[in-house]
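Colleague: I would love a close look at a single part of this model. Could you take me through the strands, how they pair and what packs around them?

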Amino acid sequence: ADVDAKRTAIVPPQDLALIAEDHLAQLAVGDQVVFYVLRTPSGDDDLLVSLNKGLEQQDWVTASKYLESEELVEAEVIGHNKGGLMVAFGHLRGFVPASHVPQLQHLHSQERVASEKAKLVGQKLRLKVIDVNPQRRRLVLSVKKAQKELRQKRLLELQQAEGETITGRITNVVKFGAFVDLDGIEGLIHISEIAWHKVERPGEILTPGEEVEVKILAVYSERERLSLSRKALLPSPWDLFAQTHQEDELVEGVVTSVVDFGAFVVIDDGIEGLLHASEMRGTKDFAPQDILIPGDIVLVRIINIQPDEQRLALSQKRVGQDEEMAWTFHRQQSLPVPADEEEE
């Protein structure tokens, strides 16, 4: 090697043996590279230099830049020891403590830890440089801190996408909803946001591992959590009801509950309307609870539909006597004949 020192420098064979063959193959006459002086010559002695140490020195400089800039680096796991993982950082070996590898956390068995470490060999990890000390040949990196930074960036992206639709994967289903992974950030579809109808068991609708399309309702930066909705992307039964029904239409419903100000009546597909006391027959002399009970089937007229407010106003008083009689006759005709009357 020509080191511009009025003499030729020599790289010992044992030094070249430390350098990967593919790297050596890339070198050509005229290339400028960094060498490390192994021995200062005296007189006519040869100038011995190390290409390997020169490359290592460059890598120490690069590592220091990563430490200062806090940029993330990708490195391949090349081995492991009792304390953690060894990764290739150019011509250096970096160390990732087990406490900085999320995959190794909460493993109580040494056999499990060793097995997980072995599985990571050959894999590339996103890392953050956290300590550089060339004198002690100490280069420490962290998966955990890299993931935290990636999560913060992802969280900001999702925050900017609030109100938009996104696809994620179900990671867990619990009694109060389902957790969804959105590329490193976990969001929750609360049980009330799974579907328009009342959901008793989320596991009957959602399954871990399946992809799901959701709307981002809110992003909570402090807790790194998102509130998601599957229901918001499904057709609203109220919109469908408003499309298939109109005001002044007669409908049949079932009384679900009776209160002082009236009764609630379910019409189609879980659509519940209010039959106000002022629209009930007989409330001039009796309380609503004395007129209707849950389970009663009634004929009512639609007097107002507000799908955006999810409100439906019903009336008994506005049902004509002829309409009531025709409905009653039709119901009686469609009722099944009791078994004892069939025998007669």
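Modeller: Happy to; here is a walk through the strands, their pairing and the cores. This is a predicted model, in which local features need pLDDT of at least 70 and side-chain atom pairs count only at pLDDT 80 or more, while totals for chains, interfaces and linings use all residues. Residues are numbered from 1 along each chain as its sequence is written, and side-chain values use heavy atoms, with hydrogens and water left out.

Let us start with the barrel. Five strands close up in the order S14-S15-S16-S18-S17, with mixed pairing. Neighbouring strands of this sheet are turned by 50° against each other on average, direction ignored. Strands here are DSSP runs of E with at least two residues, helices are runs of H or I with at least four, and both are numbered from the N terminus; two strands pair if DSSP finds at least two bridges between them. Within the barrel, S17 (residues 297–306) and S18 (residues 311–315) are antiparallel over 5 bridges, and Ile305 has Leu312 of S18 as its bridge partner. Helix H8 (residues 321–334) lies across S14 (250–259) and S17, at about 125° to S17. That angle runs from 0 to 180 degrees between N-to-C directions, with axes fitted to C-alpha atoms, for helices over the stretch in contact; contact means heavy atoms within 4.5 Å.

Next come the hairpins. S5 (residues 84–89) and S6 (residues 92–97) pair in the antiparallel sense over 6 bridges, with Phe89 opposite Leu92. There are 2 residues between these strands, and Gly90 in the turn has a positive phi of about 65°. S7 and S8 form a hairpin with 4 residues between them, where Arg137 has a positive phi of about 50°. Their antiparallel pairing has 5 bridges, and Asp131 stands opposite Val140 in S8. S7 (residues 124–133) also pairs with S4 (residues 72–80), antiparallel over 5 bridges.

Now for the packing. The largest nonpolar core has 21 residues, and Ile216, Leu226 and Leu228 have the most contacts inside it. Such a core is a set of buried Ala, Val, Leu, Ile, Met, Phe, Trp, Tyr and Cys residues joined through side-chain atoms within 4.5 Å, buried being under 20% relative accessible area with a 1.4 Å probe, protein chains only. Elements giving two or more residues include helix H5 (143–160) and strand S13 (225–229), while S12 gives the most, with 4 residues. Leu226 touches Leu155, Leu182 and Ile216, among others. A second, separate core of 20 residues includes Trp60 and Phe89.

Key. Buried means under 20% relative accessible area, exposed over 50%, partly exposed in between (1.4 Å probe, protein chains only). Lists of a residue's contacts leave out its neighbours within four places in sequence.
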